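Q: I'm new to this structure and would like a close look at a single part of it. Could you walk me through how the helices at the start of the chain sit against one another?

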Amino acid sequence: MLNPIRLGVLREVVAQGSFSAAADALSYSQSAVSQSIATLEGEVGATLIERDRGGARPTAAGAALVAHADGILARLQAAEDEVAAIAGGHGGRLRIASFPTAGATLLPLAINSFRVAHPGVELTLAEGEPDEIAPRLRAGEFDLALLFEFEGVGERLGAGLRRFELIEDPLHLTLPAAHPLARRRQIKLEDLREESWVQTSATSPCARQVVRSCHAAGFEPRVAFESDDYQTVQGLVAAGVGVALVPQLALSAVRPDIGVRSLHPRSPVRKVLAATRRGAPVTPAVATILDTVREASRTLDTA
């Protein structure tokens, strides 16, 4: 493979028209320039420079190589500049994944702050449930992901991830504003055994947690409707179709015709966390987006 330093020497010799002038321009000794050209000629197997009383001029092979050298050296410089920009957090791409409610609440605040600090970094965002995102994060498809886990549940995200805990996100009971239970000071999950339920799709982590919680309270929830859109869930609750357990992050906008209550003695809680692939470098860009997500989490937690 051609050595880019020797290519640069060849280009300078041709541009200056002499070995001595090239040596001065490069701050090399003349013998170092001569040695570099001789080594390069040995590598390509052809004479590249002819020397006479008029100076140094390229052979046909030398002229052809110089014509390519400009492009080669420019590409190498561009590659070095891009790598330096990425390492410094000033360029490249940052691939983020998130579950939808965090994508709608935490990330807009974080992304806005990040883009002010790193305008040259391209951001991409993918959405999915944690059990879909975590394997793709481990496989290197994402640089950072927002995930959640429920307390006391064996469904862990698995090995291979570096975790950064953010906030607790309790599931609150939502029920029609005119529901008789809405006037009670304390509502236990056992009080809802005769109710119809609205929940996310049965295979989703939140739906599984609702079922687990109801089982722990001694009953099987009677699911009337499923929707993965929490605004649709609120609409169904408001219409009197059923009650629902909805994460706090999904309650940034609450309909006036539903009630939102915490369960007694404690609502189910999911822990929201950021994660990166274990062993992957925490680049300045990743470190910055982590900081901005933490700050957004604190803002929401104290709101």
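How are α1 and α2 oriented relative to each other, and why?

A: Happy to. One thing up front: this is a predicted model, so read everything below as a description of that model.

Let's start with your pair. α1 and α2 are oblique to each other, because their packing angle is about 120°. Their axes lie 8 Å apart, and the crossing of α1 and α2 is right-handed. If you want to find the contact on screen, look for V9, E12, V13 and Q16 on the α1 side; on the α2 side, pick out F19, A21, A22, A25 and L26. Sorted by class, the contact of α1 with α2 has seven nonpolar residues, plus one polar and one charged.

Now zoom in on α2 itself, which covers residues 19-26. F19, A22 and A23 are buried in this helix. Looking down the axis of α2, you'd see its buried residues fall within an arc of 105°, so they line one face of the helix. There's a simple bit of helix geometry to keep in mind here. An α-helix has 3.6 residues a turn, so residues three or four places apart point the same way.

What does that buried set of α2 touch? The buried residues of α2 pack against α1 (4-16) and α3 (30-44), and also against the strands β1 (49-52) and β2 (55-58). F19 and A22 also turn up in the contact of α2 with α1.

Next, follow the chain out of α2. The helix is followed by S27, which sits in the loop between α2 and α3. S27 has a positive phi of about 60° although it is not a glycine. With a relative accessibility of 67%, S27 counts as exposed, whereas F19, A22 and A23 back in α2 are buried.

Past that loop comes α3, and α1 packs against this helix too. The axes of α1 and α3 come within 9 Å and cross at roughly 115°. That makes α1 roughly perpendicular to α3. The hand of the crossing is worth a look as well: α1 passes α3 in a left-handed crossing, while the crossing of α1 and α2 is right-handed. From α1, the contact with α3 uses R6, L7, V9, L10 and V13; α3 brings V33, S36, I37, T39, L40 and E43. The residues of this contact divide into seven nonpolar, two polar and two charged. Try highlighting V9 and V13 of α1: both belong to the contact with α2, and both belong to the contact with α3.

For some context, here is another helix pair from further along the chain. Helix α5 (residues 100-117) and helix α9 (residues 284-301) pack at an angle of about 130°, with their axes 8 Å apart. That makes α5 oblique to α9, and α5 passes α9 in a right-handed crossing. From α5, the residues that meet α9 are T105, L106, L107, L109, A110, S113 and F114. Their partners in α9 are A285, T288, I289, T292, V293, A296, S297 and L300. This contact of α5 with α9 has 10 nonpolar residues, five polar and no charged, whereas the contact of α1 with α3 has two charged residues.

A couple of single residues help place that second pair. T299 is in helix α9 and is partly exposed, with a relative accessible area of 39%. The C-alpha atoms of T299 and L109 are separated by 9.4 Å, although their positions lie 190 residues apart along the chain. S98 is in strand β3 (residues 93-98) and counts as buried, at 0% relative accessibility. Leaving aside neighbours within four places in sequence, S98 is in contact with several residues, including L107, which is also one of the α5 residues that meet α9.

So, back to your part of the chain: α1 packs obliquely against α2 and roughly perpendicular to α3, with the exposed S27 in the loop between α2 and α3.

Technical notes. Residues numbered from 1 in each chain as written. Predicted model: local features only at pLDDT ≥ 70, side-chain atom pairs only at ≥ 80, totals over all residues. Heavy atoms only, no water. Axes fitted to C-alpha atoms, helices over the stretch in contact; angles between N-to-C directions. Helix = DSSP H or I, 4+ residues; strand = E, 2+ residues; numbered from the N terminus. Parallel < 35°, antiparallel > 145°, perpendicular 65-115°, else oblique. Left-handed = near helix turned anticlockwise from the far one by under 90°. Contact = heavy atoms within 4.5 Å. Nonpolar A, V, L, I, M, F, W, Y, C, P; charged D, E, K, R; others polar. Buried < 20%, exposed > 50% of the residue type's maximum accessible area, 1.4 Å probe, protein only. Arc of directions from axis to C-beta.
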